[in-house]
Amino acid sequence: MPAAELAAAGAPRERAPAIWIFIALDCSSFGLFFVVFMAQRLGQPALFDHSSQQLYTALGFLNACILITSSWLVAWANVVGRQGDFAQAKKLIAWGMAVAACFGLVKGYEYYEKLSSGVTVSTNEFFTFYYALTGIHFVHYLVGMVILGVLAQGPHPYAPPDQAHASYRKWLEGGSLYWHMVDLLWIFIFSLLYLVGAR
Amino acid sequence: MNPYRYAKALAWTGVFMLAGTIIFWAILGQNVPPYSAELSADEFAAQIREHASLIRIGMIVQMPISVMWFTWGVAIWVVMRAIEKENGSNSILSLLQLVGAAFTTIVFVLPCSVWLAVAYRPEVMEPKTLQIMYDFGWMFFDMAYSLTTMQLVAFGICVLQDKRERPLIPAWAAWFSMFVVVSFAVLTMMPLVFGGPFSRSGLINYFVEFSLFFVMWLVLDIFILKAIGRLEQEHYTGHASR
C-alpha cells in the first residue's frame with residue numbers, strides 16, 4: 001500500500017529513528033572541538049602549519065576514500081535490506097567492514113610512524129589536537145565496526161520472522177546512519193588537520 | 001503493598017546529591033575549575049593552604065552524601081525493571097546499571113578522601129607530596145569514567161526498549177545521557193597534558209564535560225521522578241497506559 005494511502009487510513013507515521021538525537025549531539029561536540037582547534041590555531045598559525053605539514057596528506061585522503069566506499073556499501077545494504085533481501089544486505093555489510101578494516105591499518109601505521117619518530121601528544125598543541133581528534137574518531141570507528149559486525153549476522157534466526165525482520169531493518173537504518181556519521185566526521189578532521197596549513 | 005513505596009524517596013536522593021555536589025564538591029571544594037596541572041608544586045601548595053578549611057568542609061560533607069548516587073541508582077533500577085518486566089523479564093541491563101551505580105559511588109567517595117587528606121595538614125606537608133596526592137585524586141575521578149559509562153549506556157538501551165505508546169523516559173533523554181557518558185572518552189587525554197582544553201581544568205575536559213554531566217544528571221532526576229509517579233499511578237489504577 002502506498003505511503004499516502006496508509007497515512008490517509010490513519011496509520012501512525014513512522015517516526016525518524018531516535019539515533020538522530022545522538023548523531024546531532026555527537027556532531028555538535030565535534031563541531032565544538034573544531035571551533036576550539038581553529039581558535040587555538042589563530043594564536044600560533046606558523047606552528048600549526050608547520051606541524052600539519054608533517055602529516056601524510058595522501059594517507060588522510062586514502063582513509064577518506066576508504067570510509068566513503070565503506071559507507072556506500074553500507075548504504076546499499078540498507079536499500080536491499082528495506083526490500084527484504086537480507087542475505088544480500090549481510091554480504092554488503094561484510095564487504096563494508098572489510099573495506100573499513102583498511103582504515104584501521106592506515107591509521108595504525110600513521111600512529112606508529114608518528115610515535116616512533118618521537119611525535120607525541122605533548123609535542124605541541126597541534127599534535128595534542130591531532131591525537132585527541134583522531135583518537136576520539138577512532139573510538140567511534142571501533143564502535144561502528146562492532147555495530148557492523150552485529151548487522152552482518154542478519155536478522156535474529158530464532159525470533160518470529162515478522163518481529164526479527166522489523167527489528168533488523170530498524171537496526172540496519174540506525175547502524176547505517178551512525179556509520180555515515182563516522183565517515184562525515186573523518187572528512188572534517190581530514191580537512192582541518194591535514195589540509196588547512198598544508199603546503 | 002505498593003511496589004514503588006520507597007522508590008520516590010530514592011529518586012529524590014538524586015536531586016539532593018546533585019544540589020549537594022554543586023555546593024560541597026564544586027564550590028567549597030574549590031573545583032570550579034580545579035587547580036591547574038600547570039601550577040608549580042609551591043604555587044599549588046600555597047593555594048591549598050589558603051583554602052584548606054573550605055576544602056575540608058566540602059569533602060567532609062561530599063563523602064557521606066555520595067552514597068546517594070547508589071540510592072538514586074536503585075530508583076533508576078526500579079524504572080528499568082518495570083520496562084524489562086514488559087519485555088520478557090531479561091534483567092541484564094538493570095543489573096549492569098545497578099552495579100555501575102555502586103562503582104560510580106566509589107568514584108565519588110575515594111577521590112574526595114584523597115583531597116580531604118591533601119587539605120588535612122598542608123602547612124607541614126611537602127608541596128610535591130600535596131601535588132601528587134591531588135593529581136592522584138583527579139586521575140581516579142576522571143579516568144574511572146567507564147564505570148558511569150557502563151551504568152548509563154545500559155540505562156539508555158533499556159529505556160529505548162520501552163514498548164509503551166508514551167515511554168516512561170523519552171527517547172531523547174536516553175540518547176542524551178548515552179551521548180554524555182560516551183563523550184567521557186575524551187577524558188582519556190587528561191593524563192597526557194598539563195594545560196590547554198584537554199587538561200583537567202581545560203575548556204573541553206572540565207567546562208564542557210562537567211557541564212554536560214550536571215545537565216544530564218538534572219534531566220534524568222526529573223524524568224526518573226516522573227516515571228516513578230507514573231508507575232505508581234499505573235499500579236493503583238490497575239492498568240498500564242499502553
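## Walking through chain A and its partner

Let's start at a corner: A:F37, A:Q40, A:R41, A:L42 and A:G43 of helix α2(A) touch A:P45, A:F48 and A:D49 of α3(A), where contact means heavy atoms within 4.5 Å. By class, that contact has four nonpolar, two polar and two charged residues. Here Ala, Val, Leu, Ile, Met, Phe, Trp, Tyr, Cys and Pro count as nonpolar, Asp, Glu, Lys and Arg as charged, and the others, Gly among them, as polar.

A word on what you're looking at: this is a predicted model, in which local features need pLDDT of at least 70 and side-chain atom pairs count only at pLDDT 80 or more, while totals for chains, interfaces and linings use all residues. Residues are numbered from 1 along each chain as its sequence is written, chains are lettered from A and ligands numbered from 1 in the order in which they are written, and side-chain values use heavy atoms, with hydrogens and water left out.

Back to that corner. The axes of α2 (residues 19-43) and α3 (residues 45-52) of chain A come within 5 Å and cross at roughly 115 degrees. Axes are lines fitted to C-alpha atoms, for helices over the stretch in contact, and angles run from 0 to 180 degrees between N-to-C directions. The two helices α2(A) and α3(A) are therefore roughly perpendicular (under 35 degrees is roughly parallel, over 145 roughly antiparallel, 65 to 115 roughly perpendicular and the rest oblique).

Zooming out, chain A has seven helices and zero strands; helices (H or I, at least four residues) and strands (E, at least two) are DSSP runs, numbered from the N terminus. The C-alpha trace of chain A spans about 65 × 35 × 25 Å along its principal axes.

Next, another helix pair. In chain A, α5 (residues 86-116) and α6 (residues 125-151) pack at about 155 degrees, with axes 10 Å apart, so α5(A) and α6(A) are roughly antiparallel. Among the residues making the contact are A:I93, A:M97 and A:F103 from α5(A), and A:F127, A:Y130 and A:F138 from α6(A). The contact of α5(A) with α6(A) splits into 15 nonpolar, five polar and four charged residues.

Finally, chain B. It brings 15 residues to the contact, and chain A brings 18. Together the chains bury about 1600 Å², 89% of it on carbon and sulfur atoms; buried area is the accessible area (1.4 Å probe) that two parts lose on being put together, summed over both. On the chain B side, B:W175, B:F179 and B:F198 lose the most area to chain A, together 36% of what that side buries. Salt bridges across this interface? Zero, with a side-chain nitrogen of Lys or Arg within 4 Å of a carboxyl oxygen of Asp or Glu as the rule.
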